[in-house]
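The report that follows describes selected features of one structure, beginning with strand pairing and then turning to individual residues and surface charge. The sequence and coordinates come first.

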Amino acid sequence: MSIILVGLPGSGKSTIGRQLGRRLSLPFVDSDHVIEQRLGCAIREFFNREGEERFRDIEEGILDDLTLRHQGVLSTGGGSVLRAINRERLKERGRVVYLRSKPEEVYRRLRHDVNRPLLQVNDPLQRLRSLYEARDPLYRETAHFVVDTGRPSVATLLNMIVMQLEVAGDLPLKFKTASDSTPSSTD
């Protein structure tokens with residue numbers, strides 16, 4: 001089983017992914033951390049030195065590898081859906097949850113973050129609005145489920161995600177209650 005989180009930078013993919021992995025007793029991997037390990041430097045540094053296109057090439061290869069081999073929770077980079085091949089692979093190889101965050105919410109969380117290369121501009125809020133406008137349709141296309149992050153607590157967001165996965169029948173039997181496996185009289 002693979003649960004894949006997509007969304008804007010700062011939408012909570014790593015935080016929610018780590019907690020979701022713990023809750024479901026599944027391994028958690030952050031694709032950005034894997035990329036940095038393989039590059040031997042920070043994404044921002046590589047981005048500045050080699051450019052976005054070269055970074056997206058590296059990201060595509062790592063996402064391909066992770067979606068084939070990793071069984072658990074996978075947090076992806078905010079731009080992972082920009083390439084059609086990534087969107088196809090993510091959707092085919094796992095259950096994709098889009099953590100939808102409004103640009104203003106993300107800005108509130110990230111306004112002091114200097115490690116996100118796409119936000120190191122004069123007007124980061126406008127940049128987030130542009131990213132949202134361009135990427136929201138791509139996230140929706142890729143996702144099996146959409147969860148609005150808004151202002152709920154991490155625990156509430158986890159409950160929302162688990163509930164959607166349960167309703168869809170996507171969680172392994174060990175996460176279902178005994179009553180879920182009892183046939184009803186309408187079966």
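## Strand pairing and surface residues

In this predicted model, strand 2, which covers residues 28–30, pairs with strand 3 in the parallel sense, and the pairing runs over 3 bridges. Strand 3 itself spans residues 72–75 and also pairs with strand 1, residues 2–6, again in the parallel sense, here over 4 bridges. Leu74 of strand 3 takes part in both pairings: Leu74 is the bridge partner of Ile4, and Val29 stands opposite Leu74 as well.

The two pairings are set out below.

| Strand pair | Sense | Bridges |
|---|---|---|
| Strand 1 (residues 2–6) and strand 3 (residues 72–75) | parallel | 4 bridges |
| Strand 2 (residues 28–30) and strand 3 | parallel | 3 bridges |

Turning to the helices, where does Ser130 lie, and which helix holds Arg108? Ser130 lies in helix 7, which runs over residues 124–142, while Arg108 is found in helix 6, residues 103–110. Ser130 has a relative accessible area of 37% and is therefore partly exposed, since partly exposed covers the range between under 20% and over 50%. By the same reasoning Arg108, with a relative accessible area of 33%, is partly exposed.

Ser130 can also be placed relative to Pro103, from which Ser130 is separated by 27 residues in sequence and by 8.7 Å in space, taken from C-alpha to C-alpha.

Finally, Arg108 belongs to a patch of positive charge on the surface, in which Arg108 gathers with Arg109, Arg111 and Arg151.

How values were computed
Residues numbered from 1 in each chain as written. Predicted model: local features only at pLDDT ≥ 70, side-chain atom pairs only at ≥ 80, totals over all residues. Heavy atoms only, no water. Helix = DSSP H or I, 4+ residues; strand = E, 2+ residues; numbered from the N terminus. Buried < 20%, exposed > 50% of the residue type's maximum accessible area, 1.4 Å probe, protein only. Pairing = 2+ DSSP bridges. Patch = residues over 30% accessible without salt bridge, like charges linked within 9 Å, V, L, I, M, F, W, Y side chains within 5 Å. Areas by Shrake-Rupley, 256 points an atom, 1.4 Å probe, with all protein chains shown as cover. Salt bridge = Lys/Arg side-chain N within 4 Å of Asp/Glu carboxyl O. Lys, Arg positive; Asp, Glu negative; His and termini not counted. Charge placed at Lys NZ, Arg CZ, Asp CG, Glu CD.
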